[in-house]
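Me: I have a model open beside its sequence, and I would like to go through the reasoning behind some of the labels attached to it. Could we take them one by one?

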Amino acid sequence: MPAFAKKRVSRSSSGIIRILLLATSVLLAATGCMNVGPGPRSYSVAVLGDIHYTPAWATNNYSRAYKEMWKELSPNMLAASAETVGRDTAFALQLGDIVDVSSTQVLAEAASVLDRTYGSLPIVAVCGNHDVGRGYFAKYMVPWQSAHMGNLSTNEIKTTTFGFRTGPDLWIVIDFGAGERSVGMVEKILADNPDVRYTFVAIHGPVLPMDVWRLRWFYLGYEGVNAARRKMRAMLAKRNAIVFSAHVHALEYKDWYGDGGRITEMVLNSVTCEAGKGPKPGEPVVISETPDDYGAFLKNAEKNDANLKFDALFEEYRPGLKARYAARAGGHHVLRVSDSGVVLEYYGLDSREPTKTFTLR
Ligand SMILES: [Fe+2]
């Protein structure tokens, strides 16, 4: 309202305006539109990539390096992450591979490690490929998830793909192992929440192809599901989605434009023993700072294996890739969300100060 108009609003009319605003917000809440989520417009999230929890009692079936990492490096990192939690922290997010070798017992131990770290804060745990086991994640962690949503959702969580709201934003947790089965579920979540400020996705496997070995192991990456991959890409791009993934055990930022919109993806790593050996502990060891060499690693690999044929896939994405950063790094993260933007802070290992900051919006 312009300043000159202010004087013309009488007490009675300002009361009517308040009633109208209240009625509008009730109507919007009923129709699933803007501002129905709990919490304020400005908030932060404590974010972890893969953690591969490995218990002290681990036998020879477990990774020796991960068992060693869980003696000191990873507990120290979690202690530092706990210190980032403040009054504006809406929840903690773990992006999958919460365990290395899945069983109900190891999942329960890993989940209690997160409980001890974040206390009463809501925690969202994404299903990773190491977590699935023989249905262990679905059996143990799905009920656990319902009990850990706090004020984020009063709905019972019944599947490993689900959505929830924080203030004006939509969060979609996707089980990337569900492949094509998740597409319809994501489509419905998007349709039910049409008018949001930011659409965030939390998923274990990246949405944009990875220029590393096992390239096809990204979300909907197998050749047989090309149509589903393109459909999902268009759905997320139209919402200008901001994606948080893990799986690669590296730190990556990609900003892709296409399909009538934009997908910004951060790949995060909290496997502390694979942080890279920089001059300072946790300091990123840069692999690339340009979109120009996206796909170069696998193009080189193709020289030795004619069956790989990855270049056509990268050609689909390369023209739209406007920014890329990739590094060996590992630690914890804080996401800061507000009307003025979205920023992701990377804290190397157990750092108390941000090591590197990415402005996503
Ligand atoms: Fe992993």
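**Reasons behind the labels**

Reply: Arginine 214 is a good place to begin, and it is found in the loop between strand 6 and helix 8. Please keep in mind throughout that this is a predicted model.

Me: Why is arginine 214 called exposed?

Reply: A residue counts as exposed if 12 or fewer other C-beta atoms lie within 10 Å of its own. Arginine 214 has 10 C-beta neighbours inside 10 Å, and therefore it counts as exposed. From C-alpha to C-alpha, arginine 214 and valine 248 are 9.8 Å apart in space, and they are 34 residues apart in sequence.

Me: What makes histidine 249 buried and asparagine 240 partly exposed?

Reply: The limit for a buried residue is 20 or more other C-beta atoms within 10 Å, and partly exposed residues fall between the buried and exposed limits. Histidine 249 is buried because 22 other C-beta atoms lie within 10 Å, whereas asparagine 240 is partly exposed because the number is 15. Histidine 249 lies in the loop between strand 7 and strand 8, and asparagine 240 lies in the loop between helix 8 and strand 7. Over the 361 residues of the protein chain, 41% count as buried.

Me: Why is the phi of these residues worth a remark?

Reply: Most residues other than glycine have a negative phi, so a positive value in such a residue departs from what most show. Asparagine 240 has a positive phi of about 50 degrees although it is not a glycine, and histidine 249, also not a glycine, has a positive phi of about 60 degrees.

Me: How do you know that helix 7 and helix 8 are roughly parallel?

Reply: Helix 7 (residues 181-192) and helix 8 pack at an angle of about 15 degrees, with their axes 11 Å apart. Angles under 35 degrees count as roughly parallel, and the two helices are therefore roughly parallel to each other. Helix 7 passes helix 8 in a left-handed crossing. At the contact, Val183, Val186, Glu187 and Leu190 in helix 7 meet Ala228, Lys231, Met232 and Met235 in helix 8, and by class this contact has 6 nonpolar, no polar and 2 charged residues.

Me: What makes strand 4 and strand 10 edge strands?

Reply: The open sheet has 8 strands in the order 4-5-6-7-9-8-11-10, with mixed pairing. Strand 4 (162-166) and strand 10 (285-288) each pair on one side only, and they are the edge strands. On average, neighbouring strands of this sheet are turned by 20 degrees against each other, direction ignored.

Me: How do you know that strand 8 and strand 11 pair, and in which sense do they run?

Reply: Two strands pair if there are at least two bridges between them. Strand 8 is joined to strand 11 (residues 321-328) by 6 bridges, and the two run antiparallel; lysine 254 has arginine 324 as its bridge partner in strand 11. Strand 10 and strand 11 also run antiparallel and are joined by 3 bridges, with arginine 328 as the bridge partner of valine 285. Strand 7 (residues 242-245) and strand 9 (residues 261-267), by contrast, pair in the parallel sense over 4 bridges, and the bridge partner of serine 245 in strand 9 is valine 267.

Me: Where does helix 8 lie with respect to the strands?

Reply: Helix 8 (residues 226-238) lies across strand 6 (199-203), strand 8 (251-258) and strand 9, and runs at about 100 degrees to strand 9.

Notes: Residues are numbered from 1 along each chain as its sequence is written. This is a predicted model: local features need pLDDT of at least 70, side-chain atom pairs count only at pLDDT 80 or more; totals for chains, interfaces and linings use all residues. Axes are lines fitted to C-alpha atoms, for helices over the stretch in contact, and angles run from 0 to 180 degrees between N-to-C directions. Two residues are in contact if their C-beta atoms, placed from the backbone, lie within 7 Å. Angles under 35 degrees count as roughly parallel, over 145 as roughly antiparallel, 65 to 115 as roughly perpendicular and the rest as oblique. A crossing is left-handed if the near helix is turned anticlockwise from the far one by less than a right angle, and right-handed if clockwise. Ala, Val, Leu, Ile, Met, Phe, Trp, Tyr, Cys and Pro count as nonpolar, Asp, Glu, Lys and Arg as charged, and the others, Gly among them, as polar.
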